[in-house]
Structure formats: structure tokens, C-alpha cells
Amino acid sequence: MEGSTLKNNITISVRDLVEFILRSGDIDNRKKGGRQDVALMLEGAKIHRMIQQRMGSDYSAEVYLKKVIELDGFDIVIEGRADGIIKNGDGYVIDEIKTMYMDLDRIKEPIPVHLAQAKCYAAIFSEQNDLEEITVRMTYVNQISYDTRYFHETYTKKEIAAWFFALLEKYERWARFRFEFKKIRDESIGAVSFPFEYREGQKELTAQVYRTIYHSRKLFLEAPTGTGKTVSTVFPSVKALGESLADKIFYLTAKTITRTVASECFDILRQQGLRLKSVIITAKERICPLEKPDCNPEACDRARGHFDRINDAMYDLITSADSLTREVIEEYAERHMVCPFELSLDMSLFCDAVICDYNYVFDPNVYLRRFFADAVQGRYIFLVDEAHNLVGRGMEMYSAEMYKEKILELKRLVKGTDRRLDTALGNVNRKLLSLKRECENVLVLDGADDIVMALNRLMGRLETFLDEQEKFAHMDEVWDMYFDVRHFLNMYGNMGEDDYRIYCGYSEEGDFLVKLKCINPKKSLRERLLKGRSTIFFSATLLPVGYYKDMLGAQEGDYEVYAHSAFDPGKLGLFIAGDVSTKYTKRNRTQYGRIAGHISAICGARPGNYMVFFPSHAFLLNVYNAYIDDNPNTDARIIVQKNVMTESEREDFLAEFEKGEGTLIAFCVMGGIFAEGIDLKNDSLIGALVVGTGLPMVCEERRILKEAYDEQGLDGFDYAYRYPGMNKVLQAAGRVIRTVDDVGVVVLLDERFTLGEYIRMFPREWKSREMINVDNAAEKIGSFWDKWYGC
């Protein structure tokens, strides 16, 4: 549900209204409605259009309807699109179309929330046209067979109006709260000023962000560390809310730590008197009070009757607090015995700022349908922090794969329980087996229609099984398959020729799979961003910006800005070691020893904390062993990033940087958990050594990507390898200078950093750089330190 506010209007969609007010009962992940809200049921837009187009001239499709309810001081606006309105000899019929995979014979009556949507449209249309009675038709269509089932209900003017206004009466207190708080919020926004003294260029930056929002554009902001990019984007966005340019800010991040920074930025503005409600959405696995989420009334007391209590919990919380952090959410969830994760999602409806992971806006399986499912456009500002991460995340979110072994395993589990599901799984397995016989290594496919037809039939059997077999011992495996198949079908239906490649091959474990590989997520990202008003992409490493504009869905008229860094570039010593190669063909003990020699020389030039970043964990271990062999009596403390680390191990790792004793050398992996998103200020980190160009490992999927980009007239090597690799390099290097007082060194160890194709991707601040080798590294690095600290 989203209640949009414009002047004295509180606007809500028909769908959101009925789903919010009429919900009740338990959360139950053993039923489809418990694993996904009603909005998640596949809408089948193509089938909608097909049905609408084959209707006669008396059928009007996608009819926009709006009802304005005038209250004291403000209006409630209810809006939405009826799937169809039919005019016949007996009057008018409101048609509501729903598509599904399950057998329609199992539907004995309309699903209540579907019928409620149709009744809202009927009430609005009936009043506007002064009809004595009106009929509602629920049209259910099977996604596979196109079989159709109808349910008809006829209501008098008095009946439908009474029902509709009783519904609105339940919503009035929520709308009134939104209206009253918006007045308080906007008055406070008007009194808030920028909370710090502007750094050089920062005032112009905040003005550019505001201008982008005003003109409903996208901004690609390259903002080096020290530009104050968080407050420079949040502050003008808050001002835009106060000017009624938007209704809500989504602050989107890839990492937990940046969500905390965003929340703290709003708190800083609250110190000036800002009244604005913000919520942090924490992943279910992290906020669930159970050891492992199991959302059903038998496993969790909070799931039992959750929907009967949730609205009271929400009202208590929204009228009591403004900053809804994880701790606040947990407190009120415990007080009202509701699920904290679901409470945080619901609170986003009434908050002015939502701080969350990218998934909640972009992921087709996780996105907040209460904001983005309807055709009605929202008035949202998207602030996308560390936006360079969204390229890879987008490609991952919009890709899909189907494993033959997983199909066979589920077939084994359901054998003897459901013959028709067993048969449907067998049909899919045979399709995959046929491809496997043709595939020696990797096979690029022109399409996957045969597999998709079999998966469509499987989807129907899975839906029926989930409805009938709540007590099946291996229900988790059935659910996993259901979501895998649904995602595969959704991606196949939405993919375009230029943004996908289809191939079959083998995983590292040897399992056979068919994959829909998204090679450019711009189409899908743009579709979601068009649900809002404006988007600000910002990162310290959006280079080259043309690549990111292409992959993130830029359009003509969008802006790009390179923000001025407030840091003295002379405080960063940039060195390039041209006597090192990390090319796969040159990796040997000699090279590992030379890199170890550089580490010893560079870290020995001045005591302090250093991070050394490697292209892989295997490479890291080879150099680490060489370093230990060559420096058996080293006084430096050595810590090594493990392949997998618990949260406490990560905290212990970072705590080493606060000890301030002698020299610390941390062996880390580029693109890993310590390569970005950590903020080691002052003397916590004085040097970063980046070993190699960060190129992704050569593999068949990368080869397919490169060839696809080449076919589109792009530089396939740049898009598939060089640009993603250099981003890892820049992120690792960015760990060093975090404040205006910091002094540090960045050393790039690879001969390729001397080539023009890499130098052109260096940030503007890297104009001054010096070549070193293993013999003079200690002297030249030492001279840099002497310049700042003396002998």
C-alpha cells in the first residue's frame, strides 16, 4: 500500500486499500498465500491483453477510475485501473482478470481480496454513472491452457456504496495521520539548513541533485571520498519532499554499513528539528527471533494471528517514533507479538524514507510490490549508493537457471506421493537430458521454448501440490523448485534479444544447467526506476561513466557530474610497480616472490597498517607463503582474510586495525568483504597495495558475455573484463584516504597499469604517480613519508 500525498490529497490505489484494510489471520509459509502476498500471484500481463483484445466493441480495457472523498482539511483519493468494463443490454459489468497456474476447478468462489478490488471499481463507476445496480465479473484464467472460469455478483447502488464507504471508514484514521504528519514534516523541512560548512564544490553538488529531482531526471554522480556524498544527496532530497516534488525517498545500498551511514545522516538533520519518518529494512534472516525463519503458526507464536494484530502494532509505532531502526522495530514487534520483518515492510508504507538493500526495489522476486506492482506511477526519489555494485547485482537478479540434478532430486522425493507432479518433473528432465547429450562443454541456444512449455506444465502441478500437501516432509524442496521455476518463466517472458543470452553447460560441481544470462540489466532497471520521479546514482568509482550509464539505463537528458574532492591530492602517494605481472601465464614462484618483496619494502618504509588486495584467494595464499618464506623473522603482524568468515570473525579482523601497534599487514581479496564499505580513518590504514588488475576469471560465461558485447558493437573485453576489474581496483585503493587529515600510499602492482587503456580509467585525483620496482620501492615510498613526517 502506498499513500501518496500531494498538497491536501492522500492518494491510495484500490489494490493497496483492500490488501491493507481487509487482511487477517496467520502468516503461514506452508500455503502459497503465506510465502507471497496476493500481489505476487502472476498477473500474466500478456494474457490480460489477449483476453481484452478478443472482447467485442462493448468492452473497454484498462479503464482508469478515481474517487475523491472530501474530509475536513484534506481529500482521500482512491485510484486504479479496472481490467475491463462491459456495456450490455442489462447495464454494466466490471471485469477483474486474474491469471494462475493452478487447476481452475479448485476455485469454488472468488478469492476475497480479488473480489474486493472489483467491488471498489464497481462502487466508483456506479456512483459516477448513477447506476441503480452493477455487476462484478471475476475472470480467472489458467496460465497454461488459457481455460477460463467466471464468477458473477450483482449489487444494488445502496449495497455497493455501503460496502465501499465502510471500507473507507476503516482507512480514514491512517489517512488523517498521514495528512497531519505531513504538515508537521513539511514545516520542519522548511526550517532545516545544510548541517555542515560547505566544502569546495559541495553546494553546487547539492544544487545539482535538487535540479535533477526537479526535472525528473537521473544523475550519475562520480563522488570521490571526501565529497560528503551521503548528506549531499539526502539533504536536497529531503528539501524536495518539503516542496511536494516527491512523496518518498528510497535510499538503496548493497551493504549494511552504508545503511547505517544513511540513517545517521537523517539523524543529523533531526538534530535541527527535522520531523521525518525513516525505516531500515533488515533481512528476514537477521531480524527473525527464531534461529531460522519458519513462518507458520505451529513454529512461531508471532505468525499465529499476525495479521489480526499488525495494524494496531503499526499505528502504535508510527505515532511513537520517527527513526525506525532495527532495534526499534524489534521492540515494537515484541510488544505486539508480530513478525519484525513484516512489521518493517509495512512501516515503509507510512515512512518518508526507506533505507534498504537494492533487492527491495529491483529484484523481481523480492521487490516491494506495495510500491511497484501497480501500473500507477509513484512519486519516489531513488538514491542509489555505491551504484557501481548495481551492474553486477542487476545481471544476477535478472538471470535465471534450471538444474537437471535438482529436478531429478525432487522427482525422487515426490515419487509415490503425487503421480502427476512426478510426471511433470520427468518431462522437464527429458528436455534437459536431450540438451545434455548435445552439450560437451557449453552450448549457446537460440531459445528454450520446449523447456519453457514443460516448465509451464510443471508450474501448474507445483501449485496444486502446494495447496494439497501442506504436511509433505520435504516441503522446503518443493518451495525452492516453485520459486526457481517461477523466476525462470518470468525472466524468459521478459527477456529481449539484446539483453540476454541463453546457454546450457555445467556448474563447477558438474551439475548440468540451462541458464538465461542477463548481459545488460538496463531494460529491467529502467522499468523499475520509471516507477519513481528521479534517480541519483552515486559512487566513488563510476568510471568510465559511459559504461555505467549504458548498464544502468540512462536516457537522453540525464545528467552526469564528477564531484570535486576536498582532499589534498598530494596526501596520497600513488606508485606503480611495472616489474610485476599477474597474468595467468606468468604466475610462478618468481613472481610471487617479487610481489612479496614489494610488500616487505613498502610496508617496511613506515610502521602502520596496510592492506594488500589480491585477485583471488588462491593467489593470496601463494604470495602469503612466499612472504613468510622470505621474511621468517618479520616483526609485522600478519592477518589473512579467510574464504568464509563469520560476522564475529570479520569484526575481529577489523579490530586489529585499531590496536595501533607496530606494523600490520592484512592479506585480502579484491572485491571481497574488506575491499569496500569499510571506513578506516586517520592512522587506522596508511597504505593499500593492489595486486593485479582485478579482471574476472576467464570462463565460458565470460566468453559468452564478451562475444555478446562484441556483436552489439561494443568493446567486449572492456565490458566483460576490464571495466568490472578496474572497479575492484579503484574500490580497494579507496580504502586509504577517508578524511582531510589522512595521508597514505596506494601501490598498483602490475605492468598493465602502465598501459593507456588502464590509465584512462584512473580518477582525476591520480594525476601524479611514480614508477617503482622491487629494488627502489623502499627508497621511493620512504621519500614520500619523509615529505610529510620528516626523517
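**Cysteines, the parallel sheet and the surroundings of R379**

C288 is buried (under 20% relative accessible area, where over 50% is exposed and values in between are partly exposed, with a 1.4 Å probe and protein chains only), its relative accessible area being 18%. C300 is likewise buried, at 13%. Neither takes part in a disulfide, defined as a pair of cysteine sulfur atoms within 2.5 Å: for C288 the nearest cysteine sulfur belongs to C295, 6.1 Å away, and for C300 it belongs to C288, at 6.2 Å. By this rule the structure has zero disulfides.

The model is predicted; local features require pLDDT of at least 70 and side-chain atom pairs pLDDT 80 or more, while totals for chains, interfaces and linings use all residues. Residues are numbered from 1 along each chain as its sequence is written, and side-chain values use heavy atoms, without hydrogens and water.

Helices (H or I, at least four residues) and strands (E, at least two) are DSSP runs numbered from the N terminus, and two strands pair if DSSP finds at least two bridges between them. An open sheet of eight strands follows the order β11-β10-β12-β9-β13-β18-β8-β19, with parallel pairing. Because β11 (323–324) and β19 (559–562) are at the edges with a single partner strand each, one side of each has no neighbour in the sheet.

Within this sheet, β9 (residues 248–253) and β13 (residues 380–385) run parallel and are joined by five bridges; K248 has Y380 as its bridge partner in β13.

R379 lies in the loop between α14 (369–372) and β13 and is buried, with a relative accessible area of 19%. Its side chain makes a polar contact of 2.7 Å with that of D247. Such a contact is a pair of N or O atoms within 3.5 Å; within protein, one must be able to donate a hydrogen and the other to accept it, and residues adjacent in sequence count only if both atoms are side-chain atoms. A polar atom of the R379 side chain also lies 3.5 Å from the backbone oxygen of L245.
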